[in-house]
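Work through the following exercises with the structure open beside you. Try each task on your own before you read the solution beneath it.

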Amino acid sequence: MAGAGPMMPSSGGRRSLDAEINLVPFIDLLSVCICFLLMTAVWIQLSTVQVKQSHGTEAGPAGNYELDLRFGGPTSVEMALKKQGKTVKKASFQSAEFNQLMASLDTQLTAWLSPISAPNAASPVTAAMVSPKAGVTYGNLVSAMDVLRKHQIVNLGVVPIGEGK
Amino acid sequence: MSIVSNTLKPGVFEHHLVGRGKGGPGKRSMLSGLMLTPMVDMFSLLVIFLLQAFSTSPELLVMVKGVTLPSASTGKEIKDAPVLAVAPAGIFLDQKDMGSAEEVLKDPTLLLKKLGELRKLWLKGNPGEAFPGEITLQAHREIPSTLISQLMAILPSAHYGSIQLAVISGG
């Protein structure tokens, strides 16, 4: 089979520099390596989205602008940009699909933030409060937060709202 | 320099294999040769890829049964913190059952007591350091967001104000 022993010494009694590898144990070793690595591999990468609850802790909204995101349901959302507590801009979105809703939110955020953002600087909106609604799942809530974080809005909070509201 | 011998010597191995598959004239042999060079190449590439994907970091998050995490593309690395799992079956703090969501929201005394114990344990292990108040929330993606928001409102009263929502990376 595919394998080999040491090369015959060349003339003059000098040993050859060439060496051969036994393929059978080599392939065995590779197979064992692959099996071990396949079994120990972690295919799902987990991470976290940080939320600072402003109710009851010192973590409060910071920066010039604040964002208020209110779910009206799983397919509708209202967004308000506030400066020192006063609403500067307001928009509401409605879409048959949640992904489209998030795309609209993303587009609107880009339109709002581009004129007020300084180049190579952090987002002027450093705090956002997200208000959930009955019928909106936790997955939807995280998706909305993910959109906000894409726009460098990292200080996020969730408004505690009961199931009936 | 010859490192790997990848040729099958005719008359020794190949002949032995082909000999068994002999049929009549014109019949195709049932046996086929194995190209060792591409096979070893493929194995080596697989090993390199898997070694690169291999992670030695400890698993900080033990998944509770029935929990499917939401996905997000802006997630950060998981920190070592107590894990509050919200599953359809109930609420678990570090794998310990705290009761159903309704029970916890109605009377969060047990949850707050256990969180207080964990905080005391942390302060005992890290004397002189400020408590970071970090907690990892591992919730099923189909759980109502209102339930999660109510649970999140309870946590700051036990000095856990920095909540990490566990997600699957890439969305």
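**Exercise 1.** Among contacts in chain B between residues at least 6 apart in sequence, find what percentage join residues at least 24 apart, and then describe the make-up of the chain.

*Solution.* Begin with the contacts of this predicted model: in chain B, 61% of those between residues at least 6 apart in sequence join residues at least 24 apart. Next, list the secondary structure, which in chain B comes to five helices and six strands, arranged from the N terminus on as α-α-β-β-β-β-α-α-β-α-β. Finally, turn to burial, where 25% of the 171 residues of chain B count as buried.

**Exercise 2.** Decide whether helix H5 (residues 145-154) of chain B is mostly covered or mostly uncovered.

*Solution.* A residue is buried if 20 or more other C-beta atoms lie within 10 Å of its own. By that test eight of the ten residues of H5(B) are buried, and the helix is mostly covered. Going along H5(B), the buried residues are Ser145(B), Thr146(B), Leu147(B), Ile148(B), Ser149(B), Gln150(B), Leu151(B) and Met152(B).

**Exercise 3.** Give the corresponding description of chain A, with its elements in order from the N terminus on.

*Solution.* Chain A has three helices and six strands, and reading from the N terminus on gives the order α-β-β-β-β-α-β-α-β. Of the 165 residues in chain A, 27% are buried. Among the contacts in chain A with a separation of 6 or more, 57% are between residues 24 or more positions apart.

**Exercise 4.** Trace the open sheet of chain A, stating the order of its strands, and follow the two hairpins within it.

*Solution.* First, write down the order of the five strands, E4-E3-E2-E5-E6 of chain A, which form an open sheet with mixed pairing. The edge strands are E4 and strand E6 (155-158) of chain A, since each pairs on one side only, and from one strand to the next the twist averages 15°.

Now take the strand pairs in turn. Strand E2 (residues 65-73) and strand E3 (residues 76-83) of chain A run antiparallel and are joined by eight bridges, with Glu66(A) standing opposite Lys82(A) in E3(A). The hairpin that joins E2(A) to E3(A) passes through two residues.

E3(A) is also joined by eight bridges to strand E4 (residues 86-94) of chain A, and these two strands again run antiparallel; here the bridge partner of Leu81(A) is Lys89(A) in E4(A). The hairpin formed by E3(A) and E4(A) has two residues between the strands, and Gln84(A) in the turn has a positive phi of about 50°.

**Exercise 5.** Work out how H2(A) and H3(A) lie with respect to each other, and name the residues through which they meet.

*Solution.* Two packed helices are described by the angle between their axes and the distance between the axes. The axes of helix H2 (residues 98-116) of chain A and H3(A) come within 10 Å and cross at roughly 25°. Angles under 35 degrees count as roughly parallel, and H2(A) and H3(A) are therefore roughly parallel to each other. The crossing in which H2(A) passes H3(A) is right-handed.

For the contact itself, H2(A) brings Phe98(A), Met102(A), Leu105(A), Asp106(A) and Leu109(A), which meet Asn140(A), Ser143(A), Ala144(A), Val147(A) and Lys150(A) in H3(A). Sorted by class, the residues of this contact are six nonpolar, two polar and two charged.

**Exercise 6.** Describe the contact between the two chains, and identify which element gives the largest share of the side of chain A that touches chain B.

*Solution.* Start with the totals: 49 residues from chain A and 55 residues from chain B take part in the contact. On the side of chain A that touches chain B, the elements giving two or more residues are helix H1 (23-40), strand E1 (46-52) and helix H3 (138-150) of chain A. The largest share, nine residues, comes from H3(A), and the residues of this side divide into 28 nonpolar, 14 polar and seven charged.

As a last step, look at the strands that pair across the chains, where E1(A) and strand E6 (residues 162-169) of chain B are antiparallel and share seven bridges. Within this pairing, Ser47(A) has Val167(B) in E6(B) as its bridge partner.

Definitions and conventions. Residues are numbered from 1 along each chain as its sequence is written. Chains are lettered from A and ligands numbered from 1 in the order in which they are written. This is a predicted model: local features need pLDDT of at least 70, side-chain atom pairs count only at pLDDT 80 or more; totals for chains, interfaces and linings use all residues. Two residues are in contact if their C-beta atoms, placed from the backbone, lie within 7 Å. Helices (H or I, at least four residues) and strands (E, at least two) are DSSP runs, numbered from the N terminus. Ala, Val, Leu, Ile, Met, Phe, Trp, Tyr, Cys and Pro count as nonpolar, Asp, Glu, Lys and Arg as charged, and the others, Gly among them, as polar. Two strands pair if DSSP finds at least two bridges between them. Axes are lines fitted to C-alpha atoms, for helices over the stretch in contact, and angles run from 0 to 180 degrees between N-to-C directions. Angles under 35 degrees count as roughly parallel, over 145 as roughly antiparallel, 65 to 115 as roughly perpendicular and the rest as oblique. A crossing is left-handed if the near helix is turned anticlockwise from the far one by less than a right angle, and right-handed if clockwise. A residue is buried if 20 or more other C-beta atoms lie within 10 Å of its own, exposed if 12 or fewer, and partly exposed in between; C-beta atoms are placed from the backbone.
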